[in-house]
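Me: I should like to learn how the features of a structural model are read. Could we work through one together?

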Amino acid sequence: MEHIGVRETVQFMGLTFNIETLEMTWLAMAVTIVISCLAVRSLKVIPSGWQNFIEIIVVWLHGQIEGMMGKRGMFLAPFIVSLFLFLLTSNLLGLIPFLESPTNDLNTTLGLALLVVCMVHFFGLYFKGGHYIAHFFQPIAPFVVINAIEEIAKPITLAFRLFGNILAGEILIIVLLHLTENPFWLSLPSVAWLGFSIFISCVHAVIFTMLSMAYLGNAVKESH
């Protein structure tokens, strides 16, 4: 129990790296790539197996992208789909014995959140130019302070929401599993919580992805 949240670190060129987080991140990327390759290896008109699973996700996300970001935002579909699959895989990794979710490390979630926010500002300037900067001063100039605070809060809330829920879920699973040393019926709560954690992992992958789409939509969607 004393090792919960403690990461093995290595020093390189004066920088500290959480090696376990990196390993779990690479594993999540590898699993995502393998599943995607299996899904497109032999495409069929009537999908089945992995193709059916991935196709459901892609079709659903494409519908969300078009609704939240407009047709102009469809070029970001590969990024959005990849982000969701990576988050889903990462969140579920921690439910496998001896593995941990890379998303239970704030470094991972904050890195993803900063990536999304940087993309928001880049595409906002690219598509809207001076109008994008001007919207920070609306409805009146002093509101630039409030709008600036809101922009700073975006990556913080994105990162901490995902990090906190995934870490808390894994801690509770470990705590409940210690009940298995007692009579069998006491282990039932851990099984129930494991099922609930799967649901939570999926929900927070959706939440992070949907909020990312909402932020990017403000930057790329055509104004009327």
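Reply: The dialogue below takes up the overall chain, then a helix, then a single residue. This is a predicted model, in which local features need pLDDT of at least 70, side-chain atom pairs count only at pLDDT 80 or more, and totals for chains, interfaces and linings use all residues. Residues are numbered from 1 along each chain as its sequence is written, and side-chain values use heavy atoms, with hydrogens and water left out.

Me: Which pattern does the protein chain follow along the sequence?

Reply: Helices (H or I, at least four residues) and strands (E, at least two) are DSSP runs, numbered from the N terminus. The protein chain has two strands and seven helices, in the order β-β-α-α-α-α-α-α-α.

Me: What share of the 224 residues is buried?

Reply: Buried means under 20% relative accessible area, exposed over 50%, and partly exposed in between (1.4 Å probe, protein chains only). In the protein chain, 36% of the 224 residues are buried.

Me: How many Å should helix α4 span?

Reply: The expected span is 1.5 Å times one less than the number of residues. Helix α4 (residues 106-128) has 23 residues and should therefore span 33 Å; its end C-alpha atoms are 32 Å apart, which agrees. Gly129, with a positive phi near 55 degrees, follows α4.

Me: Which residues of α4 are buried?

Reply: An α-helix has 3.6 residues a turn, so residues three or four places apart point the same way. The buried residues of α4 include Thr109, Leu112, Val116 and Val120.

Me: Why does Ile207 count as partly exposed?

Reply: Ile207 lies in helix α7 (residues 188-220), and counts as partly exposed because its relative accessibility is 30%.
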